[in-house]
Amino acid sequence: MRVLHAAAECFPWVKTGGLADVLAALPQAQARAGLDVRLVLPGLPGILGALRSRERIADLGAVMGAARVTLWLGSLADHGPRAYVIEAPLYYDREGNPYAGPDGREWPDNLQRFALLGWVAAHLAVGEIDPQWCPDILHAHDWHAALACTYVATHPVRRVRTVFTIHNLAYQGLFDAADFPLLGLPARHLATAGLEFHGQMSMMKAGLVYADHITTVSPRYAREIATPEFGCGLEGLIQARQAVVSGILNGVDEQLWDPANDPLLPARYSAGDLRGKAQCKASLQQALGLSIEPRAPLLGIVSRLTAQKGLDLVLEALPAWLQAGVQLAVLGSGNPELEAAFTEAARNHPDQVHVRLGYDEALAHALIAGSDALLVPSRFEPCGLTQLYGLRYGTIPVVRRVGGLADTVIDASGQDPARPATGFCFEQASPQALGAAVDRAISCYRSPKAWRALMQAAMASSFSWDASAHDYRDLYTRLRDA
Ligand code: ADP
Ligand code: GLC
């Protein structure tokens, strides 16, 4: 089974969120499961700079408005799968993240930049660029790579099957329909049954309409996006394609996220010996300038600061928690109003609240290990990885019961002895509901025996990528043999 993954991010070279973690871990797990896996990635500076033992596969000349496009094949990691990297200096040799410049503004030529990724992925997949290696499956991730599915579907050679994974339906890649001719597709594809979406052009639809199969990153999100509440206006299309939509849960990269073996922690620990966790907490409190108080419940947040993540609820619930002696440590960046509000809270309560704005991999590990509980009050969450890291680190997740959060955290009120509790869930996206869940967590925390049992159950829950890799393999096999 040969699989080509097309995506815009891959940890640690280019990352804005969990997508990068998935593209680092899933292909490796698939390789362990015996699949022949490669990636195709845009030649952003972080990726092109990291590519080793590279060979030039093709000079593609001018594609999608980029004058000089070269395709390389090489290795990004010693043991990782090989990656095709698209060198196109005009589009990819830029500062900032894959989608926006350092000032946060999206690049005006994102349509061409990601159409190039989709075009190269599709032509690789049909065997036109590197005939030595033809995949059975082209697996495109999020709107950035979605056009690959359209180019394959409209190509006369159609051996390869396509899978499109929605990591987040809210980011749709909407562009001016007047730019449709840039894509080089027949005009009929700019229609309601094609890429058109309310007068614009939707790259998300390039995957949803044209892929042979659609997956989401949790089973529950697959059901949610067929409803108006979570469907972002695409619920009708999702319903129409229901027969080919399924959810496969993300996993944890157990090499990177293991409290017993994490070089980014001041002390290591396991479910059997939790002493190191207390040390992690004390070090975190000290590093962040919080009062070093072993019995103060320390709540952690590691997150993009966006409306999706529901962190405005935290700000509203915070005053009551502070009265109860709770501490809060936040690592994140994004929305300027949220950044300002958290900064203000930290300024007013330096002993109890600390906020670090920005992206910091080492602090993310230290914060997840050192906190007692991890807050993930998302309005929607396709899967969510931080709650999985929290579970593994015995840092009890307090989550809203949506998407992958609902699929991975078992609420402490549950009575099923076969499914021991691993965290706290709440229903409504309100500060009251979040507050009540945190109150339950705090009162459990005050009885050390019950809290320890919760931590041990959380740490025993398993979300390995190997299980997901097997589910993907079953899916690929069905598609290939259909
Ligand atoms: P999303 O992809 O929606 O942002 P996930 O929970 O799937 O949410 O993945 C987020 C990933 O980004 C996790 O690996 C998390 O640790 C990481 N992350 C988020 N914010 C930061 C930050 N400020 N610094 C370091 N890592 C972060
Ligand atoms: C998206 C989602 C997140 C998911 C991640 C990786 O960014 O917001 O829930 O975990 O993709 O699939």
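This tour visits the surroundings of ligand 2 and then a small-sheet stop in a predicted model.

**Stop 1: ligand 2 and its shell**

Select ligand 2 and show the residues around it. You should find 14 of them. The closest are His167, Asn250, Glu381, Cys383 and Gly384. Colour the shell by class: six residues are nonpolar, six are polar and two are charged.

**Stop 2: polar contacts**

Stay on ligand 2 and pick Glu381. One of its polar side-chain atoms sits 2.4 Å from an oxygen atom of the ligand. Move to Asn250. Here a polar side-chain atom lies 2.8 Å from a ligand 2 oxygen. Now display the backbone of Pro382. A polar backbone atom of Pro382 is 3.5 Å from an oxygen of ligand 2. Switch on the surface. Ligand 2 taken alone exposes 310 Å², and the protein buries 93% of that.

**Stop 3: where the shell comes from**

Select helix α1, residues 18–32. This helix gives three residues, the largest share of the shell around ligand 2. Next, colour domain 1 (2–251 + 466–481) and domain 2 (275–463) separately. Where does ligand 2 lie relative to these domains? Both domains give residues to its shell, so ligand 2 lies between them.

**Stop 4: a three-stranded sheet**

Leave the ligand and select β8, β9 and β10. They form an open sheet in the order β8-β10-β9, with antiparallel pairing. The edge strands are β8 (174–176) and β9 (196–197), each pairing on one side only. Zoom in on β8 and β10 (residues 200–202): three bridges join these antiparallel strands. Finish on Phe175, which stands opposite Met201 in β10.

Methods: Residues are numbered from 1 along each chain as its sequence is written. Chains are lettered from A and ligands numbered from 1 in the order in which they are written. This is a predicted model: local features need pLDDT of at least 70, side-chain atom pairs count only at pLDDT 80 or more; totals for chains, interfaces and linings use all residues. Side-chain values use heavy atoms; hydrogens and water are left out. A residue is near a molecule or strand if one of its heavy atoms lies within 4 Å of it. A polar contact is a pair of N or O atoms within 3.5 Å; within protein, one must be able to donate a hydrogen and the other to accept it, and residues adjacent in sequence count only if both atoms are side-chain atoms. Accessible areas come from the Shrake-Rupley method with a 1.4 Å probe; for residues, only the protein chains shown count as cover. Helices (H or I, at least four residues) and strands (E, at least two) are DSSP runs, numbered from the N terminus. Ala, Val, Leu, Ile, Met, Phe, Trp, Tyr, Cys and Pro count as nonpolar, Asp, Glu, Lys and Arg as charged, and the others, Gly among them, as polar. Domain bounds come from an automatic or database domain assignment. Two strands pair if DSSP finds at least two bridges between them.
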